[in-house]
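Colleague: Hey, have you got a few minutes to walk me through this one? I'd like to get a feel for it before class.

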Amino acid sequence: MHGYIIRNEVALTVFMGTALIDLYGKSGLLETAIKVFEQMDVKEVYTWNAIISSLACNSRENQALEMFERMKSNGLHPNEVTFVGVLTACARAKLVELGLDLFQSMSREFEVVPVMEHYGCVVDLLGRAGLLREASEFISRLPFEPDASVWGALLGACKIHGAVALGNDVGTRVLELQHLQCGQYVALSHINAGAERWIHAADLRQAMVKSGIKKIPAYSSINSL
């Protein structure tokens, strides 16, 4: 479709350009996504959101944050989607102080009210950096009941850092909210297996079987010549 647009000299509207950036970003083709972005004459907030999110989710965290600064310098007002992108970038780059400052700036400077997804990003930010106690305390101060995505972010951090006791506590909460999701059982099983708590790990696998939950098999694709 992109080739058709180029060959037929179709004007690249802001909607089309943004869709292409999102497409290439989700496919991991960052250079092409950036090229489309730079070629666009008109860029709306959602265009910047697309490139920021694409960079943040493809190990270009610093570049995503640079795009955020460019966006502001161009006079555009970031919205709730923008902050999901920049908080994700901070979490993956373990830029805790910057991430917390950006989270505070949402309502203070930009009048953007944080929602569950933003709180989940902050938990991920703290958790990836190994600040599990701070992440737990942050969850306890949420202005609403945390959902499975927030607890899941902390569970993922427990798995990364081998926090068995906290992981089992958090995992129990997650399973109460998402008792049919195989990923939560697998993550909790891995936490226990990593600590050589084989019986606990096996019990979780057995619980999956009894609940009728099947692990989604991995797959790969091979392009034939």
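**Loops, helices and cysteines**

Modeller: Sure, let's start at a loop: Glu9 sits between helix H1 (2-7) and helix H2 (14-26). Keep in mind that this is a predicted model.

Colleague: What is the phi of Glu9?

Modeller: The phi of Glu9 is positive, about 50°, although Glu9 is not a glycine. Most residues other than glycine have a negative phi.

Colleague: And is Glu9 buried or exposed?

Modeller: Glu9 is exposed, with a relative accessible area of 73%.

Colleague: Which other residue that isn't glycine has a positive phi?

Modeller: Glu111 has one, with phi near 55°. Glu111 is in the loop between helix H7 (96-109) and helix H8 (116-128). Glu111 is exposed too, with a relative accessible area of 71%.

Colleague: OK, zooming out. How many helices and strands are there in the protein?

Modeller: There are 13 helices and zero strands. Reading along the sequence, you just get α-α-α-α-α-α-α-α-α-α-α-α-α.

Colleague: How much of the protein is made up of buried residues?

Modeller: Buried residues account for 43% of the 225 residues. And if you take contacts between residues at least 6 apart in sequence, 55% of them join residues at least 24 apart.

Colleague: Let's look at some packing. How do H4 and H5 cross?

Modeller: Two packed helices are described by the angle between their axes and the distance between the axes. For H4 and helix H5 (residues 61-73), the axes come within 7 Å and cross at roughly 165°. So H4 is roughly antiparallel to H5. The crossing is left-handed.

Colleague: Which residues make that contact?

Modeller: On the H4 side, Val45, Trp48, Asn49, Ile51, Ile52, Leu55 and Ala56. On the H5 side, Glu61, Gln63, Ala64, Met67, Phe68, Arg70 and Met71. They divide into ten nonpolar, two polar and two charged residues.

Colleague: What about H5 and H6, how do they cross?

Modeller: The axes of H5 and helix H6 (residues 80-93) come within 8 Å, and the angle is roughly 145°. H5 passes H6 in a left-handed crossing. From H5 you have Glu61, Ala64, Leu65, Phe68 and Met71, and they meet Thr82, Phe83, Val86, Ala89, Cys90, Arg92 and Ala93 in H6. That contact divides into nine nonpolar, one polar and two charged residues.

Colleague: Back to H4 for a sec. I clicked on Ser54, so what does Ser54 touch?

Modeller: Leaving out residues up to four places away in sequence, Ser54 touches Ile21, Gly25 and Leu30. Ser54 lies in helix H4 (residues 45-56).

Colleague: Is Ser54 buried or exposed?

Modeller: Ser54 has a relative accessible area of 5%, so Ser54 is buried. The cut-off for buried is under 20%.

Colleague: New topic: how many disulfides does a search of the whole structure find?

Modeller: Zero.

Colleague: Why is there no bond between Cys57 and Cys121?

Modeller: Because their sulfurs are too far apart: the sulfur of Cys57 is 9.3 Å from that of Cys121, the closest cysteine sulfur to Cys57. To count as a disulfide, the two sulfur atoms have to be within 2.5 Å. Seen from the other end, Cys121 is in no disulfide either, and the nearest cysteine sulfur to Cys121 is that of Cys57.

Colleague: And how accessible is Cys57?

Modeller: Cys57 counts as partly exposed, at 44% relative accessibility. Cys121 counts as buried, at 10%.

Technical notes
Residues are numbered from 1 along each chain as its sequence is written. This is a predicted model: local features need pLDDT of at least 70, side-chain atom pairs count only at pLDDT 80 or more; totals for chains, interfaces and linings use all residues. Side-chain values use heavy atoms; hydrogens and water are left out. Helices (H or I, at least four residues) and strands (E, at least two) are DSSP runs, numbered from the N terminus. Buried means under 20% relative accessible area, exposed over 50%, partly exposed in between (1.4 Å probe, protein chains only). Contact means heavy atoms within 4.5 Å. Axes are lines fitted to C-alpha atoms, for helices over the stretch in contact, and angles run from 0 to 180 degrees between N-to-C directions. Angles under 35 degrees count as roughly parallel, over 145 as roughly antiparallel, 65 to 115 as roughly perpendicular and the rest as oblique. A crossing is left-handed if the near helix is turned anticlockwise from the far one by less than a right angle, and right-handed if clockwise. Ala, Val, Leu, Ile, Met, Phe, Trp, Tyr, Cys and Pro count as nonpolar, Asp, Glu, Lys and Arg as charged, and the others, Gly among them, as polar.
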